Amino acid sequence: MHIFSQDDASARAGAWLTVSLKAIANNYDLVAGLGAGAECAAVVKADAYGLGAAQVAQALAGRDAGTFFVAHLDEGIALRAVLPQARIFVLHGFMPGCEGSMAAHGLIPVLNSLDQVRSWKWFCEQAGQAFPAALQFDSGMSRFGLSIEDLAEPALFNGLNLQLVMSHLACADMPDSSANEMQRQRFVTMAAAFPGVPRSLAASSGIFLGPDYHFELIRPGAALYGIAPSEGRRVLAPVVSLDARIAQIRTIQAGDRVGYGLSWTAPKATRVATLGLGYADGFFRAQAGQASVWYGRTRLPVIGRVSMDSISVDMTEAPADLKAGDVLSVLGPQQDVDALARSAGTIGYEVLTALGSRFHRVYVPAG
Ligand SMILES: *Cc1c(COP(=O)(O)O)cnc(C)c1O
């Protein structure tokens, strides 16, 4: 009964996300080049910003990346299964009592508080082995890390097997902000209490602030995924494209209305296409009235409210013969993640990490 099995996942898909591991690898090379002299780690938390941590990490390991960062212990455990050899840091450290899982999977906790420092030391003493750890300092963002006061008693840190000391910049995407230099100086001062331990301050935007910010290890995430390091700075290769097939197309009359709340009214007879992606897929409801999709170089406004599973598109400017099954571009050459983010009043990071799991995914190999 072959008529029941002719299709495959790509034929069934109403929308598909293409992730170029090649572009990610090229972005890694570019950023690593900027940080020459410093080791270039890769941040693959949140499933590599939604793009697939296993695929991304393997592609980068093939490009000689040896160090990776995740946020949670469970992300580290999953990544360990994919990369048996890599050095993996867990940014949030561990919940009380979970030191054993951390060590059992060969993961390195980033210790963010004196409580975590004490727990890790106690655990290592019990185990009779100084498992590696990193320390994070709060250099001004008041988010994670030890304060200057926490460093007052150096003996507390004796016996730790420290692989890294690190901090995080709050304003690196604003190169002119005086907070950057202020945080850098604080970081240098705090790191001086741990001579010889490699230092890391710069995430993606921080790397572009220049060599003063690189220290011994840089840790880009967003830049690998093609997000601009600061407004208007397009140096990185775009990594994702998102294409959607027209699910249905109709012509409505002047005065007819579209979508939930009937919030959009046709000023004249209008062709309207329905695409099968919505806020459950990361196309934000707040984008109603702002966003567009594209047919080639033709911009097509999204009209009416964004539904959970669909959006409506004004096809006035599109060729008249477009029909169900034809393809429109949501993310592509005319609209990158940063541009789509602007139409939603947010940043590329949020658009990427929100892209849903329902899209059919195609990976372009790193080569
Ligand atoms: C997320 C994160 C990074 C990576 O940040 P990008 O801006 O995506 O490069 C680096 N360090 C820490 C502590 C982070 O939380």
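## Exercises: a strand and a ligand site

Strand E14 (residues 270-275) is largely enclosed by the rest of the structure, because five of its six residues are buried. Buried means under 20% relative accessible area with a 1.4 Å probe, counting protein chains only. Strands are DSSP runs of at least two residues, numbered from the N terminus.

This is a predicted model: local features need pLDDT of at least 70, and side-chain atom pairs count only at pLDDT 80 or more. Residues are numbered from 1 along each chain, and side-chain values use heavy atoms.

**Exercise 1.** Find which strands pair with E14, and in what sense.

*Solution.*
- Step 1: apply the rule that two strands pair if DSSP finds at least two bridges between them.
- Step 2: take strand E11 (residues 240-252), which pairs with E14 in the antiparallel sense over six bridges. Locate Ile246; its bridge partner in E14 is Leu275.
- Step 3: take strand E17 (residues 311-314), which pairs with E14 over four bridges, again antiparallel. Here Val272 stands opposite Asp314 in E17.

**Exercise 2.** Find polar contacts of the ligand with Tyr49, Arg143 and Gly221.

*Solution.*
- Step 1: look for pairs of N or O atoms within 3.5 Å.
- Step 2: check the side chain of Tyr49, where an N or O atom is 2.5 Å from a ligand oxygen.
- Step 3: check Arg143, whose polar side-chain atom lies 3.3 Å from an oxygen of the ligand.
- Step 4: check Gly221, where a backbone N or O atom lies 2.8 Å from a ligand oxygen.
- Step 5: note the cover: the protein hides 91% of the 390 Å² of accessible area that the ligand has on its own (Shrake-Rupley method, 1.4 Å probe).

Definitions and conventions
Buried means under 20% relative accessible area, exposed over 50%, partly exposed in between (1.4 Å probe, protein chains only). A polar contact is a pair of N or O atoms within 3.5 Å; within protein, one must be able to donate a hydrogen and the other to accept it, and residues adjacent in sequence count only if both atoms are side-chain atoms.
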